[in-house]
Amino acid sequence: MHFGLTEEQQMIVDATRAFVENELFPHELAVERSGHLPLELIKEIQKKAIAAGLYAANMPAEVGGAGLDTLSWLLYEKELGRANYALHWTCVARPSNILLAGNAEQREQYLMPCIRGETWDCLAMTEPGAGSDLRGMKASARQDGDDWVLNGTKHFISHVDLAGFAICFMATGEEDTPRGPKKKITAFFVDKGTKGFTVRDGYRNVSHRGYTNGILEFDDCRLNKRQILGEVHKGFEVANSWLGATRLQVASTCLGRAERALGHAISYAAERKQFGQQIGKFQGISFKLADMAMELKAAELLTREAAWKYDQGTVTEADMSMAKLKATEVLAMVADEAIQIHGGMGLMDELPLERIWRDARVERIWEGTSEIQRHIISRELLRPYGA
Amino acid sequence: MKVLVPVKRVIDYNVKVRVKADGSGVDLANVKMSMNPFDEIAVEEAIRLKEKGVATEVVVVSIGVKQAQETLRTALAMGADRAILIEATADVHTDIEPLAVAKLLAGVIKEEAPGLVLAGKQAIDNDMNATGQMLSALLGWSQATFVSELAIDGDKAVVTREVDGGLQTISVKMPTIVTVDLRLNEPRYASLPNIMKAKAKPLAIKTPADYGVDVAPRLTVVKTTEPAGRKAGVKVASVEELIAKLKDEAGVI
Ligand SMILES: Cc1cc2nc3c(=O)[nH]c(=O)nc-3n(C[C@H](O)[C@H](O)[C@H](O)COP(=O)(O)OP(=O)(O)OC[C@H]3O[C@@H](n4cnc5c(N)ncnc54)[C@H](O)[C@@H]3O)c2cc1C
Ligand SMILES: Cc1cc2nc3c(=O)[nH]c(=O)nc-3n(C[C@H](O)[C@H](O)[C@H](O)COP(=O)(O)OP(=O)(O)OC[C@H]3O[C@@H](n4cnc5c(N)ncnc54)[C@H](O)[C@@H]3O)c2cc1C
């Protein structure tokens, strides 16, 4: 077994980190304080990210991405994850993998403009009445000749304000399963401006200032069948096969921020003096650092192992859930302790710690809550025994 | 025209440097190493010359430990075409001295016959500021040091040099050795697709024996010490007092 990074992987880390520190960090405070990421700034950084080959680097080489293996991609995600989310997600966008599931025409129309930085994508699954239980969704699409007619509401939809279109998951039927009736789901590309499709401002949330989410309303929104992504009734399968790795992406971005917080905590503990000595010399502080470093390493190893198995084709749902669960919980712990080690200064926005702490909160909720991850892990343990 | 760029692997400029316990030098075990920043500027300039159609090929050379391959790969990922590593030592703490480096580079230049050598003005680890000048003497080529602007005009290079009194523009005959200063350009980031492609670019591995050069050190380091810590400042009551102190005590105005 080999745990080291290859020469290329180290270079990917260095190149991405240099970009993040030089081009994103200087804008963080303004975005955090105003809660707004201006379009001119997005365009300015985006241009540099495209020139640096960092934009949409998650994509395969044949569509203009960097063609990275999963571990290399996650190392890049980890470096990006160190920065304010709105900045890295918008200015160094990684279009959703699910766009690769489209046919040739759909790739040209939806994927390529995202890779070129002309627009952004967004994914709409969650509804006011259906979050974790997606197959209980109510928003629906009904076939009418060659058309489909969409009705219902989606909420919490990230980036829909910037996006040119939304990939919407709608109920198109119901089937009986051993666990009761479940919705059959179909995915649709819905362009902004389509009649019967309205986007409203969403909620303000505690995490990720400068980033927004929105509410989507469908009122007899009529689409041609060409707008279907994948096959009718197979939306859940498309999502499962193309979005599984997003949990590893969340894990990696969390590792980046946790590492940044730990770095601040270590240097502060080594510099700050109270009672005549460096506070790092008090066991109350030094043992915290030891636990933070150990937990972070555990989370990183889980993530790297899942990445490696992903490329071997042997990754399980539980592997990816463990990585996401551990990394998001470690981030919360590390951010909290880093603030504690800084005393009052840790709460002030001159340092990135208070926002890393706020930003940590959403990570245990989106892309599957911690409870849902534990459900996935335990299901894999118990199912073979019929429990 | 072929451009040759020597690149050195040095301690990263962000690393907090620590002196080894025996005072023989700086501790380099498990520290982050990077390309000498001045060499990065030289690589960038060479790539720009190629993009402008002035240069046809950019060859990068590094002399040192085998880990300097990483530095060469970074240069390849920035856009250099080909790399040569001269493995001159197995010990990360052994610094190959400027004269040995210049002799080895002279050997490479005999084989490669570049029209231009672009080097950093100095390496940030030992601050020698000597390799380019020594190389020029060994080859009998012209030299232009501390360069902040460069234009190739036929068989001449017109360069602006940063000298103590200001800027000096001179014209030198090609082939020539140019050592670059901080303000020449802003090096690009190695792009991710190019990092992936760099693996496929040729990297030749040589030894000093291939060039008949003895790299044994001629210099002895007597002692290495940390810079003295910053002394506490003083508070002044008024602008007048500040100006008086700057004039009379510091003697800077
Ligand atoms: C900032 C933000 C951005 C988002 N962006 C998007 C987006 O772009 N697109 C999109 O489609 N969605 C998005 N979401 C939605 C997100 O995926 C959901 O919030 C998440 O899936 C949880 O659903 P919910 O909020 O409805 O909570 P619920 O599912 O109602 O869960 C409430 C609580 O019950 C627990 N729970 C539920 N089921 C079980 C169970 N079986 N066992 C044990 N506990 C259970 C949950 O863990 C949670 O603690 C976003 C959410 C947020 C907060
Ligand atoms: C919002 C806010 C409002 C405030 N308002 C006021 C106010 O109105 N008036 C006022 O006077 N102060 C005020 N304070 C200051 C507050 O009381 C201090 O922040 C607090 O006492 C901690 O001191 P410090 O921030 O300097 O941290 P430090 O004392 O530097 O502590 C840093 C870390 O070292 C740890 N540490 C220190 N000594 C030891 C030890 N011996 N053993 C183990 N661990 C140790 C601490 O627990 C902490 O984790 C305020 C602070 C905040 C954040």
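This is a chat about the domains, core and helices of a predicted two-chain model.

User: Let's start with chain A. What domains is chain A divided into?

Analyst: Keep in mind that the model is predicted. Chain A has domain 1 at 7-94, domain 2 at 123-240 and domain 3 at 244-385.

User: How many residues of domain 1 of chain A are in contact with domain 3 of chain A?

Analyst: On the domain 1 side of chain A it's 13 residues, and they meet 20 residues of domain 3 of chain A. Taken over C-alpha atoms, the centres of these two domains are 20 Å apart.

User: And which helices of chain A supply at least two residues each of that domain 1 side?

Analyst: Helix 1 (7-34) and helix 3 (70-81) of chain A both do. Helix 3 of chain A gives the largest share, with eight residues.

User: What's the make-up of that side by class?

Analyst: Seven charged residues, four nonpolar and two polar, on the side of domain 1 of chain A that touches domain 3 of chain A.

User: OK, switching to the core. Which residues touch the most other members of the largest nonpolar core?

Analyst: That core has 173 residues, and the ones touching the most other members are A:Ala166, A:Phe188 and A:Ala335 in chain A, plus B:Val5, B:Val60 and B:Val178 in chain B. Helix 9 (residues 317-342) of chain A makes the largest contribution to this core, 13 residues.

User: Zoom in on B:Val60. What does B:Val60 touch?

Analyst: Leaving out residues up to four places away in sequence, B:Val60 touches three alanines, B:Ala75, B:Ala80 and B:Ala83, along with B:Val5, B:Val7, B:Val43 and B:Leu72. Two of those partners, B:Leu72 and B:Ala75, are buried residues of helix 2 of chain B.

User: Is helix 2 of chain B mostly covered or mostly open?

Analyst: Mostly covered: nine of the 11 residues in helix 2 (residues 68-78) of chain B are buried. Among them are B:Ala68, B:Arg73, B:Leu76 and B:Met78.

User: What follows helix 2 of chain B?

Analyst: B:Gly79, and its phi is positive, near 140 degrees.

User: Last thing, the overall view of chain B. How many helices and strands does chain B have?

Analyst: Six helices and 11 strands. The C-alpha trace of chain B spans about 65 × 45 × 40 Å along its principal axes, and 38% of the 253 residues of chain B count as buried.

User: And what share of the contacts in chain B with a separation of 6 or more comes from residues 24 or more positions apart?

Analyst: For chain B, that share is 71%.

How values were computed:
Residues are numbered from 1 along each chain as its sequence is written. Chains are lettered from A and ligands numbered from 1 in the order in which they are written. This is a predicted model: local features need pLDDT of at least 70, side-chain atom pairs count only at pLDDT 80 or more; totals for chains, interfaces and linings use all residues. A nonpolar core is a set of buried Ala, Val, Leu, Ile, Met, Phe, Trp, Tyr and Cys residues joined through C-beta atoms within 7 Å. A residue is buried if 20 or more other C-beta atoms lie within 10 Å of its own, exposed if 12 or fewer, and partly exposed in between; C-beta atoms are placed from the backbone. Helices (H or I, at least four residues) and strands (E, at least two) are DSSP runs, numbered from the N terminus. Two residues are in contact if their C-beta atoms, placed from the backbone, lie within 7 Å. Domain bounds come from an automatic or database domain assignment. Ala, Val, Leu, Ile, Met, Phe, Trp, Tyr, Cys and Pro count as nonpolar, Asp, Glu, Lys and Arg as charged, and the others, Gly among them, as polar.
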